[in-house]
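Me: Please take a close look at one part of this model. I want one strand, its partners and any enclosed space beside it.

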Amino acid sequence: PEKSLAKVTVISRLNPKGKVGMQPPLPPSWGILGIICREELFTCSVFDNEGKDVTPRPLFHSDPTAAVPRQGKLLASSAYFGATGSGFLSSFSAHQTSGVNAGLGLLTYGSSSTSISNASTTEPILDEIVEPELKRSRLLTSSNFSDVEVKREEIKEELTKEDLERREDIYLTETETIWILAMPPAVVSVESEDAGRVQYRNRIYVDICKNRPGNDRFVEKMMQTINGATKNKEVQCDKIIMEDKEMMVTSWDLYDSFNMSEIKPTPKAEGSRATTGKNSSTTSTMIAESAILVRIHEEEECHSEAILTSENFQQHLFFMERILMENIFQPKLAAYRQLPVLTEQKEAFIEPSVLSDLKKTPEEIVPPRLEWLWSYMCDLTNGHSVSSMAWSKANPDLLAVGYGAFHFKEQKKGLACCWSLKNPMWPERIFRCEHGVTALDFSTASPNLLAVGMYNGSVTIYNVRSCKDAALLDSGETSNKHTGPVWQLRWVEQDRGATGDGKKETLICISADGRITEWLIQKRLDCTDLMKIKRTESEKKKLPGGKERKNEVLISQQAAGMCFDFHPKDANCYLAGTEEGHIHKCSCSCSEQFLETYRGHKGPVYKVAWNPFSTDTFLSCSADWSIILWHQDSQTPMLTFTSIPAFVHDIMWSPKSTFVFAAVNESRVEIWDLSVSTLNPVTSRLAKPGAKFTSVLFAKTTDCLLAGDTQGEVAVFELHNLAAPPSDKPLLGPKS
């Protein structure tokens, strides 16, 4: 039979920009490209508008007998059209014709599909025209047909028996190691080859470190290094689950829930009779729930407060506090009480230089010194000036400290604190006062009573056994109270006379209003005047021309009292220092005149103190920078001590030696030993920067000294290497 002829016409439209796509009818000036393929010839020819054959000639002719390797779908089209493009074109026969029934196939470039239709049509081929100026070679290149999918028959290669029996060698090789992170170690194994060299270098380094101290070949220098870059580290925690709850309440619901202290249960009969709607029942349920929650919260708070305020809990806390303080301050407290301390602990708390001094022979004993042990100070007392200190008569471990300012412009609320040696970090009792505390003292007959004098002239008595800070007695309601600051007060034991039995204890005060008063403690405080200090006329001095100076006009007839001290053996005799700089010897039996007047100071006398062993002598200190030693039978000073130009605020004789006394001025605390030197103190200790010493106190049973300053700190010092002469040795005889 005669073979059928199939025509495939491919019409391509190219826009002026060179892109392929469906376009509307074009002008007749555009050219037509026709491709006619014939099945029986498997050849393809390309003709232009004039009928000329412009078919491209292939540069490569494939061998039909060669096996075609299997390729991927992506590379099959491009490789096929690029290498064997003539084979594809040879399967078609293209020619230009019109009016002939042929299958019309439209090839769309830029996509991955080809549509071929075998149906016959009578549409003319000339209904589609293309641009005549388009280059002929551009259409038929391999790139134009790269997206056309062509199904090609795969030629399977048959394997022979020789191919199956042939031996193929496969070689497996290891790839190179890729180091992602390499950190050289800082240690070397003992079994490694470099172990000996590293050990040798380490021995050299150790020898260098041993020989470094004191060697001139080594110089210490400071270098600035580059700080490492900071790194941000993020940590992911567990998912936080949040829950929202809402509730609708009214103002009366809130009122009922907070004021419902007791919910009365309703009887079942009444509850059955009550008929309420859905809204009312919901509201009542919400009110009950809120009331229950409030009650539970209040019960928990009350329970926790009950535990914290219970006596057992407070007592347990007290014991725990004592144990902790003992562990912290044990070596210091042992040194204070002059108890033996273990060598290891002592070496841990004492400087090496001090240990070397302890090992020296008696011929090489170091001079006296003051060693700081601890300080009584806390946040409550910080910034309050220490005005006075006093030991308890019954408990030598209990110290009372008064805090208050001496100047009018610096006045603020005062404090009276009781410190214990068992807890140097917080006071045992705290008494808050409305005015600054200027003086205080413990009672001998009733050791639980603490008398406190204040800047406004009031006198208050507290009970230290009570944990409350309320005053037991107060002179605020007394009409005869002081009108000036109470600079000093003291409990004094006096004889009751022939009719009385034993001794009675009275409270004596001296004030800036010029009165020395005796206070009677009954249901309320009341006082009587022992002495009204009158001003004394100064000695008249002649001018160079022989004329006498005129008498100064006195503003007040009374002189301000500053201090006093009773005779250690005669409780009827006492000394009183005044603001004028005079010291008056007075008697409790005579309130109109002085027994003696000692003139030697040029400023206010801040303190007078009888010698406890040589009872005929006493010391006085003043704002004129001097300390004077007096004999009661002589109105002329025996010795005057001046170390530095500063106010001497306080002095005190040692309770163990006739010749030793302590003094504090604004810059340092000094220890004087008259058996060693009368010109300079044997030892001293400077105050902290910004602080000034205000008061001094010797410990009763140990060789320790306490000094208070303007910053609220009471420093405890231990006296070392202070040779104490016998107390029965007289200090100085009366001046002839």
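Reply: Two strands count as paired here if DSSP finds at least two bridges between them. The model is predicted. By that rule, strand 29 pairs with strand 30 (residues 683-686) through four bridges, and the two run antiparallel. In this pairing, isoleucine 671 sits opposite threonine 683 of strand 30.

Strand 28 (residues 660-665) is another partner. It pairs with strand 29 over five bridges, also in the antiparallel sense. A hairpin of two residues links strand 28 to strand 29. Here isoleucine 671 of strand 29 faces alanine 662.

Next, burial. Strand 29 covers residues 668-673, and six of its six residues are buried, so the rest of the structure largely encloses it. Buried means under 20% relative accessible area. In a regular strand, side chains alternate between the two faces of the sheet. Both faces of strand 29 are covered. Arg668, Glu670 and Trp672 are buried on one side. Val669, Ile671 and Asp673 are buried on the other.

Now the enclosed space. The structure holds two cavities of 30 Å³ or more. The largest has a volume of about 60 Å³. Its lining includes Glu670 and Trp672, along with Ala663, Asn665, Trp625 and Phe641. Strand 28 and strand 29 are the elements that give two or more residues to this lining. By class, the lining has eight nonpolar, three polar and one charged residues.

How values were computed: Residues are numbered from 1 along each chain as its sequence is written. This is a predicted model: local features need pLDDT of at least 70, side-chain atom pairs count only at pLDDT 80 or more; totals for chains, interfaces and linings use all residues. Side-chain values use heavy atoms; hydrogens and water are left out. Buried means under 20% relative accessible area, exposed over 50%, partly exposed in between (1.4 Å probe, protein chains only). On a 1 Å grid over the protein atoms alone, a cavity is a set of points where a 1.4 Å probe fits but cannot get out, and a pocket is an open set with protein on both sides within 12 Å along at least five of seven lines; lining residues have an atom within 4 Å of a point. Grid points are joined across faces, edges and corners, and a volume is the space filled by probe spheres set on the points. Ala, Val, Leu, Ile, Met, Phe, Trp, Tyr, Cys and Pro count as nonpolar, Asp, Glu, Lys and Arg as charged, and the others, Gly among them, as polar.
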